[in-house]
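Welcome! Have the sequence and the 3D view open side by side, and let us walk through them together.

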Amino acid sequence: MSSADRHAPHPRSTIGAGPSLLAIVGGAVARDLRIRIRAPGEWLNPLVFFVIVVTLFPLGIGPGPATLALIAPGVLWISALLSLLLSFDGLFAADHRDGTLEQLVLGEGPLSLVVLGKVLAHWLLSGLPLIVLCPLLAVLMQLPAEALPTLAASLALGTLALGLIGAVGAALTVGVNHGGVLLSLLVLPLTTPVLIFGASATAAAAQGFAAGGQLSLLAAILASALALAPLAASAALRVTAASDG
Amino acid sequence: MTAESVEAEEPLLEGRGLSAWRGENLLFDELDLSIGAGEVLQLAGPNGSGKSTLLRALVGLAELDEGEVRWRGRPVRRVRDAFHAELLYLGHKPGISGALDPRENLRALLGADGDEATRRTATLVELGLGARLDVPCRALSAGQQRRVALARLRLQRRTLWLLDEPLTALDAAGLDWVRARIVERATSGGAVIYTTHQPLALDGVRPRVLTLGRIA
């Protein structure tokens with residue numbers, strides 16, 4: 001025991017007692033959910049926007065079922081994307097304002113896991129509801145019923161991917177005045193493929209074709225985003241935190 | 001790890017040749033500082049002299065134009081996780097979420113350092129927030145929010161404290177509390193660096209003073 005003591009590493013260097021990775025993500029999800037649920041305006045507004053935009057199409061274009069059904073996949077997907085773009089601003093804004101962001105940057109464990117937790121919490125309130133709402137709106141847009149599962153699947157994969165991509169943009173533009181526009185421009189190149197594959201998958205299913213290819217591509221985009229976005233976002237957050245004071 | 005290095009008082013945190021610009025102002029230039037266990041370092045200087053920036057630069061929240069910061073002898077960028085695990089930084093912003101009440105905020109912040117609800121509550125009561133435990137922090141005054149953040153001084157076991165104007169908006173009882181915590185931390189093998197406008201009389205510990213000033 002004594003010789004081990006002499007050669008033991010400095011006691012502080014054994015940081016093994018930190019929280020588990022899952023605990024870090026879970027803690028971030030729990031905390032963010034609690035905060036967001038108490039400020040419903042922030043995530044309700046984009047959802048209401050989603051419903052309004054889709055509802056406007058039959059009103060503006062006329063209720064002709066053929067036209068509506070034709071554009072339904074695109075309309076639903078574009079509206080979902082716009083709704084999400086609106087919601088990204090609030091991803092890090094509150095934490096930046098009250099200083100909790102810099103505490104997170106100084107926190108234990110990988111910042112990317114905290115970011116992942118935040119993105120998940122954000123998705124639960126800003127992405128998942130889009131999927132829940134889409135059956136009703138799909139009926140409104142005269143989307144054939146057989147396309148509904150594909151629409152839901154593409155939205156499930158796509159909104160998660162978009163949430164991750166949006167986090168990178170949000171991290172880069174936190175604290176920038178009117179950063180929302182800049183954010184949208186920044187993430188546009190990355191969100192466009194998601195939009196294209198999601199709408200295309202739904203359109204294919206509406207015509208009775210298989211949409212496996214597009215869905216696989218969406219899954220691939222999601223996988224890449226899952227691997228890269230948290231890292232990119234945390235790097236951006238460290239820079240953002242460093243640019244204050 | 002030779003016997004020699006275990007004996008020697010290696011400084012906890014060292015800054016060598018630190019320089020930082022803020023816009024067109026050179027805040028500090030070729031600054032060296034170090035702090036070891038048991039020490040208290042006060043950063044003094046007029047407003048705008050770069051005290052906060054220096055503090056932030058030491059923890060990595062502000063960019064240094066030149067110089068290197070070392071934690072326990074190693075460059076901070078190489079031991080960032082270990083460094084973060086041992087430091088406690090309280091800046092100008094409260095660092096707590098307005099939507100959560102004090103207890104929830106502390107639970108979110110404390111993470112691995114203790115899930116003990118009773119300790120959190122007891123510390124909040126000690127800080128005079130007993131009547132405000134379930135109030136969202138945005139409904140608290142600036143001083144009360146500060147005190148929620150200061151609870152970490154009691155609840156977290158961190159070696160080095162970097163406190164930016166920790167006495168802001170505190171009443172006499174609060175000042176005494178913070179002073180006592182700083183003395184406790186220093187006399188138990190930790191270290192404290194702080195900035196303040198008010199002279200801080202510490203019982204039993206003499207702080208070293210580093211004065212920053214405008215460089216023409």
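Before we start, one definition will help: two strands pair if DSSP finds at least two bridges between them. What you see is a predicted model.

**Two strands side by side**

In chain B, strand 3 (residues 40-44) and strand 8 (residues 191-195) pair in the parallel sense, over 4 bridges. Which residue of strand 8 of chain B stands opposite Leu43(B)? The residue there is Thr195(B).

**The parallel sheet of chain B**

Strands 3 and 8 belong to an open sheet of 5 strands in chain B, in the order 6-7-8-3-9, with parallel pairing. Why do strand 6 and strand 9 of chain B each have one side without a neighbour in the sheet? Strand 6 (87-90) and strand 9 (208-211) of chain B stand at the edges and have a single partner strand each, so one side of each is left free of a neighbour in the sheet. From one strand to the next, the twist averages 15°.

**The antiparallel sheet of chain B**

Chain B also has an open sheet of 4 strands in the order 2-1-4-5, and here the pairing is antiparallel. Its edge strands are strand 2 (25-35) and strand 5 (74-75) of chain B, each pairing on one side only. Strand 5 of chain B pairs with strand 4 (residues 66-71) of chain B in the antiparallel sense over 2 bridges. Look there for Trp71(B), whose bridge partner in strand 5 of chain B is Arg74(B).

**Helices that lie on the sheets**

Now add the helices of chain B to the picture. Helix 2 of chain B appears in two rows of this table, once for each sheet.

| Helix of chain B | Strands of chain B touched | Angle |
|---|---|---|
| Helix 2 | strand 3, strand 6, strand 7 and strand 8 | about 150° with strand 7 |
| Helix 2 | strand 1 (13-22), strand 2 and strand 4 | about 125° to strand 1 |
| Helix 7 (residues 172-187) | strand 3, strand 7 and strand 8 | about 140° to strand 8 |

**A pair of helices in chain A**

Turn to chain A next. Helix 3 (residues 40-61) and helix 4 (residues 65-88) of chain A pack at an angle of about 155°, and their axes are 9 Å apart. That angle makes helix 3 of chain A roughly antiparallel to helix 4 of chain A, because angles over 145 degrees count as such. The crossing of the two helices of chain A is right-handed. On helix 3 of chain A, the residues making the contact include Trp43(A), Phe50(A) and Phe57(A), while those on helix 4 of chain A include Leu68(A), Val75(A) and Leu86(A). By class, this contact has 16 nonpolar, 4 polar and no charged residues.

**Where the chains meet**

How many residues of chain B are in contact with chain A? There are 29, and they touch 24 residues of chain A. Helix 2 (51-59), helix 3 (80-86) and helix 4 (102-110) of chain B each supply at least two residues of this side. The largest share, 5 residues, comes from helix 3 of chain B. By class, the side of chain B that touches chain A has 13 nonpolar, 10 polar and 6 charged residues.

**How confident is the prediction?**

The model scores ipTM 0.88 and pTM 0.88. For chain B the mean pLDDT is 88, and 93% of its residues reach 70 or more. Within chain B, confidence is highest in strand 7 (residues 160-164), at a mean of 96, and lowest in helix 1 (residues 3-7), at 44. Over residues 1-7 of chain B the pLDDT is below 50, and this stretch has 2 contacts in the model beyond near neighbours in sequence. Where pLDDT is low, predicted coordinates should not be read in detail.

Definitions and conventions: Residues are numbered from 1 along each chain as its sequence is written. Chains are lettered from A and ligands numbered from 1 in the order in which they are written. This is a predicted model: local features need pLDDT of at least 70, side-chain atom pairs count only at pLDDT 80 or more; totals for chains, interfaces and linings use all residues. pLDDT is the predictor's confidence in each residue, from 0 to 100. Two residues are in contact if their C-beta atoms, placed from the backbone, lie within 7 Å. Ala, Val, Leu, Ile, Met, Phe, Trp, Tyr, Cys and Pro count as nonpolar, Asp, Glu, Lys and Arg as charged, and the others, Gly among them, as polar. Axes are lines fitted to C-alpha atoms, for helices over the stretch in contact, and angles run from 0 to 180 degrees between N-to-C directions. Angles under 35 degrees count as roughly parallel, over 145 as roughly antiparallel, 65 to 115 as roughly perpendicular and the rest as oblique. A crossing is left-handed if the near helix is turned anticlockwise from the far one by less than a right angle, and right-handed if clockwise.
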